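Work through the following exercises with the sequence and the coordinates open beside you. Each one sets a task and is followed by a solution in steps.

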Amino acid sequence: MNAPRFRAPTGRPIVAVFGSSTTDPADPAWAVAAELGERLARAGFAVMNGGYQGSMEAVSEGARRAGGEVIGVTTSLFNHRPPNPHLTHREDTTTLLERLDYLVHVASGFVVLEGSIGTLAELFLAWNLLAVEGRPQAPLVCLGKPYAEFLRAASVPGLVIPDLLRFVEVADTPEDAVARVSAAHALAIAQENSPRGE
């Protein structure tokens, strides 16, 4: 087996959280992201995100409030922006593609918050890798009301094959999202520890 290209900076299971870089602290989406980060940390996960502002900062803030580890994956393309102040580890990459590569291969689970094209690019990259077995199976949970309709629209004839929807779950609340990620992680651990053939 080939050695992994990226080394995780923590022994905890890592959940990558994707979301908007423009979410404002006054926006209700900020509170959702912060609650998600806090619940993930309390469930024993390290949180990983793009390392800058908006939802990335909010989820980092929540995780740190609960004493969790926060990994920010930054890139030289955006280094005119300061990283958010809640990171416990910063992984700086050379290009945007390297940043995406790190995020989707080091994480053992994904939660996708509401966001624009950058967030959707992260969603589709993780989804594609899971669908083609380009990485180990992992939970991919979209959090937010727009996603159920978005996924229905994306699976019309000529676009996403409906069978591929089985790789994506939709959660209505941070509590629901973390429960889905935790259940998938527990199942993966049980399968890993069970004798072959069971």
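The exercises below concern a predicted model, and they go from a single strand to the nonpolar cores and then to individual loop residues.

**Exercise 1. Determine which strands pair with strand 3, and in which sense.**

Solution. Begin with strand 2, which pairs with strand 3 in the parallel sense over 3 bridges; within this pairing, Met48 stands opposite Ile71 of strand 3. Next take strand 4 (residues 89–93), which runs parallel to strand 3 and is joined to it by 5 bridges, with Arg90 in strand 4 as the bridge partner of Gly72. Finally, follow the chain from strand 2 through helix 2 (residues 55–65) into strand 3, and these elements are found to make a right-handed β-α-β unit.

**Exercise 2. Decide whether the residues on the two faces of strand 3 are covered or not.**

Solution. Sort the residues by side: Val70, Gly72 and Thr74 lie on one side, Ile71, Val73 and Thr75 on the other, and all of them are buried. The count for the strand agrees, since 6 of its 6 residues are buried. For Thr75 in particular, the relative accessible area is 0%, and because buried means under 20%, Thr75 is assigned to the buried class. Its contacts, leaving out residues up to four places away in sequence, are Tyr52, Asp92, Thr93, Thr94, Thr95, Leu96 and Arg99.

**Exercise 3. Describe the largest nonpolar core and find the element that gives the largest share of it.**

Solution. The largest nonpolar core has 28 residues, and those with the most contacts inside it include Phe18, Met48, Phe110, Val112 and Trp127. Among the elements that give two or more residues to this core are strand 1 (14–18), strand 3 (70–75), helix 3 (96–106) and helix 4 (117–131). The largest share, 5 residues, comes from helix 4. Apart from this core lies another, of 22 residues, among them Ala63, Val141, Ala177 and Val181. To look at one residue in detail, take Val112, which touches, beyond four places in sequence, residues including Phe18, Leu123, Leu140 and Tyr147.

**Exercise 4. Find how the buried residues of helix 6 are placed around its axis.**

Solution. Helix 6 (residues 174–193) has 20 residues and reaches 28 Å from its first C-alpha to its last, close to the 28 Å expected at 1.5 Å a residue. The buried residues of this helix are Pro174, Ala177, Val178 and Val181. Seen down the axis of helix 6, these residues fall within an arc of 90°, so they line one face of the helix. What covers them includes strand 1, helix 1 (28–42), strand 5, strand 6 and strand 7 (169–171).

**Exercise 5. Compare the settings of the loop residues Asn79 and Glu133.**

Solution. Asn79 belongs to the loop between strand 3 and strand 4, and its relative accessible area of 31% makes it partly exposed. Leaving aside neighbours within four places in sequence, Asn79 is in contact with Tyr52, Thr74, Arg90 and Asp92. Glu133 is found in the loop between helix 4 and strand 6, where it is exposed, with a relative accessible area of 68%. The backbone of Glu133 also deserves a check, for it has a positive phi of about 60° although it is not a glycine. Most residues other than glycine have a negative phi.

Note on methods:
Residues are numbered from 1 along each chain as its sequence is written. This is a predicted model: local features need pLDDT of at least 70, side-chain atom pairs count only at pLDDT 80 or more; totals for chains, interfaces and linings use all residues. Side-chain values use heavy atoms; hydrogens and water are left out. A nonpolar core is a set of buried Ala, Val, Leu, Ile, Met, Phe, Trp, Tyr and Cys residues joined through side-chain atoms within 4.5 Å. Buried means under 20% relative accessible area, exposed over 50%, partly exposed in between (1.4 Å probe, protein chains only). Helices (H or I, at least four residues) and strands (E, at least two) are DSSP runs, numbered from the N terminus. Contact means heavy atoms within 4.5 Å. The expected span of a helix is 1.5 Å times one less than its number of residues. The arc is that of the directions from the helix axis to the C-beta atoms. Two strands pair if DSSP finds at least two bridges between them. A crossover is right-handed if, with the strands pointing away from the viewer, the path from the first strand over the helix to the second runs clockwise.
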